[in-house]
2 protein chains.
Amino acid sequence: MAARNKKQRQQELTALIDSEPFLTDEELADRFEVSVQTIRLDRLALGIPELRERIKAVAEQNYTEVRSLESSEVIGELIDLDLNKLAISILEIGPEHVFSRTKIARGHHLFAQANSLAVGIIDAETVLTGTAEVRYKRPVKLGERLVCKAVVKELRGERAHVDVTTKVRDDLVFEGQFVVFTM
Amino acid sequence: MAARNKKQRQQELTALIDSEPFLTDEELADRFEVSVQTIRLDRLALGIPELRERIKAVAEQNYTEVRSLESSEVIGELIDLDLNKLAISILEIGPEHVFSRTKIARGHHLFAQANSLAVGIIDAETVLTGTAEVRYKRPVKLGERLVCKAVVKELRGERAHVDVTTKVRDDLVFEGQFVVFTM
DNA sequence: ACTTCTAATAGCACTAGGTACTAAGAGCGA
DNA sequence: TCGCTCTTAGTACCTAGTGCTATTAGAAGT
């Protein structure tokens, strides 16, 4: 690896550990062509914990968060719910939601937020999506907060029509009509 | 903790470590009221790795699973790709994809597989979803293998129409029309 | 040229949570 | 009593560190 000064090395160190948390000080020292001690001093200066703590952090994160993020009933944070009428959820776009190159959110996350809200708004044991028509109005970038609003337009028997709009601040980024069924 | 024989203790040990993998030998010894050495012998006999390896395993699971599940370019396994023409991917429905109560796959996972394929099929740096019209034909259950096929119907300038169908064996479960844009 | 400062390096003692191995005592059936 | 299992104890060693001190290399100031 090319020579660099302290500042640059520390920046790159932060980025590297962020993307590959499973590297020992020794492996890091090899990559940056400095001694292990230098890496330790850098970590100390940057407040980066040791390997085992990093591994533990990743493990604990998964152990609790992932399960609730991907398997929870509603994608995002449910902040208002009036069953069979209206629901609002908020989803903050993090690195796991975006194309790494462009930092633009992948479409299915907006769909997931909207779909799970359209399903969750209906007061029934089992609700499944029948059809959906969605339009992406503008790209959503890393760090933006998606406010998703679902409104029940029609509710007849086991079929419901739900309109969903997603905004960033007052900017419409996504809208869709969902037809969902209860069983 | 109540006294027990070796067999019972080892059974309970397996169960305990399975549900709480973050316990040290010392903590385990306390719980079972035996010496640390006994716990070590038990782990050895049962083939249970040490704490650090257990933590690492949990961490690696998340690190690969989450990245490949949530952040990979195509959701599912890409098994055929003819750019700007046709693409096929396979997604096996696991516990993380279903409503825990009904074991039916949540709609947005089928959408995600279809959407990411519709985007990935186009030969361009940046491709974004414009609109989508999707229909869910029948519920998909835990353990089923979704075979998703995307076909480019029209490609004019920066806009493309992609038809997507998803089947379980020969059974159509999902179909959609996507309009995607290149930038 | 000499001092001063910083960055980098080296060495040592110590820690947690182990592995691998040896040794020894308790309890029990034949 | 012998033989056997189970349990406990102890030692040496390992990894991936922390924390501290001492030393060296290079650049900057005067």
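Student: Which residue in S5(A) is the bridge partner of Cys148(A)?

Tutor: Happy to start there! This is a predicted model, in which local features need pLDDT of at least 70, side-chain atom pairs count only at pLDDT 80 or more, and totals for chains, interfaces and linings use all residues. Residues are numbered from 1 along each chain as its sequence is written, while chains are lettered from A and ligands numbered from 1 in the order in which they are written. In S5(A), Cys148(A) has as its bridge partner Thr166(A).

Student: Over how many bridges do S4(A) and S5(A) pair?

Tutor: Helices (H or I, at least four residues) and strands (E, at least two) are DSSP runs, numbered from the N terminus, and two strands pair if DSSP finds at least two bridges between them. S4(A) covers residues 145-156 and S5(A) covers 159-168. Their hairpin has 2 residues between the strands, and Gly157(A) takes a positive phi near 60°. The antiparallel pairing of S4(A) with S5(A) has a bridge count of 9.

Student: Which residue in S6(A) stands opposite Thr166(A)?

Tutor: S5(A) and S6(A) run antiparallel and are joined by 10 bridges. They too form a hairpin with 2 residues between them, where Arg169(A) in the turn has a positive phi of about 55°. Opposite Thr166(A), in S6(A), stands Phe174(A).

Student: What stands opposite Val127(A) in S6(A)?

Tutor: S6(A), residues 171-182, pairs with S3(A) in the antiparallel sense over 9 bridges. In S6(A), the residue opposite Val127(A) is Thr182(A).

Student: What is the average twist of the sheet from one strand to the next?

Tutor: The sheet is open and has 12 strands with antiparallel pairing, in the order S1(A)-S2(A)-S4(A)-S5(A)-S6(A)-S3(A)-S3(B)-S6(B)-S5(B)-S4(B)-S2(B)-S1(B). Its edge strands are S1 (77-82) of chain A and S1 (77-82) of chain B, each pairing on one side only. Angles run from 0 to 180 degrees between N-to-C directions, with axes fitted as lines to C-alpha atoms, for helices over the stretch in contact. From one strand to the next, the twist averages 20°.

Student: Where the two chains join in that sheet, which residue in S3(B) is the bridge partner of Glu133(A)?

Tutor: S3(A), residues 127-136, and S3(B) pair in the antiparallel sense over 5 bridges. In S3(B), the bridge partner of Glu133(A) is Glu133(B).

Student: Which element gives the most to the side of chain B that touches chain A?

Tutor: Residues are in contact if their C-beta atoms, placed from the backbone, lie within 7 Å, and 31 residues of chain B are in contact with 31 residues of chain A. H4 (51-71), H5 (107-120) and S3 (127-136) of chain B each supply at least two residues of that side. It divides into 13 nonpolar, 12 polar and 6 charged residues, where Ala, Val, Leu, Ile, Met, Phe, Trp, Tyr, Cys and Pro count as nonpolar, Asp, Glu, Lys and Arg as charged, and the others, Gly among them, as polar. The element that gives the most, with 11 residues, is H4(B).

Student: Which helix supplies the largest share of the surface near DNA strand D?

Tutor: A residue is near a strand or molecule if its C-beta atom, placed from the backbone, lies within 6 Å of it. The residues around DNA strand D include Arg40(A), Arg43(A), Lys6(B) and Gln37(B), and by class the surface has 3 nonpolar, 4 polar and 5 charged residues. H3 (36-46) of chain A and H3 (36-46) of chain B each supply at least two of them. The largest share, 3 residues, comes from H3(B).

Student: And which helix gives the most to the surface near DNA strand C?

Tutor: DNA strand C is surrounded by 13 residues, the closest being Val34(A), Thr38(A), Thr24(B), Glu50(B) and Leu51(B). The classes are 3 nonpolar, 5 polar and 5 charged. With 3 residues, the helix that gives the most is H3(A).

Student: How are H2(B) and H3(B) oriented to each other?

Tutor: The axes of H2(B), residues 25-32, and H3(B) come within 8 Å and cross at roughly 105°. Angles under 35 degrees count as roughly parallel, over 145 as roughly antiparallel, 65 to 115 as roughly perpendicular and the rest as oblique. The crossing angle therefore makes H2(B) and H3(B) roughly perpendicular.

Terms used. Contact = placed C-beta atoms within 7 Å.
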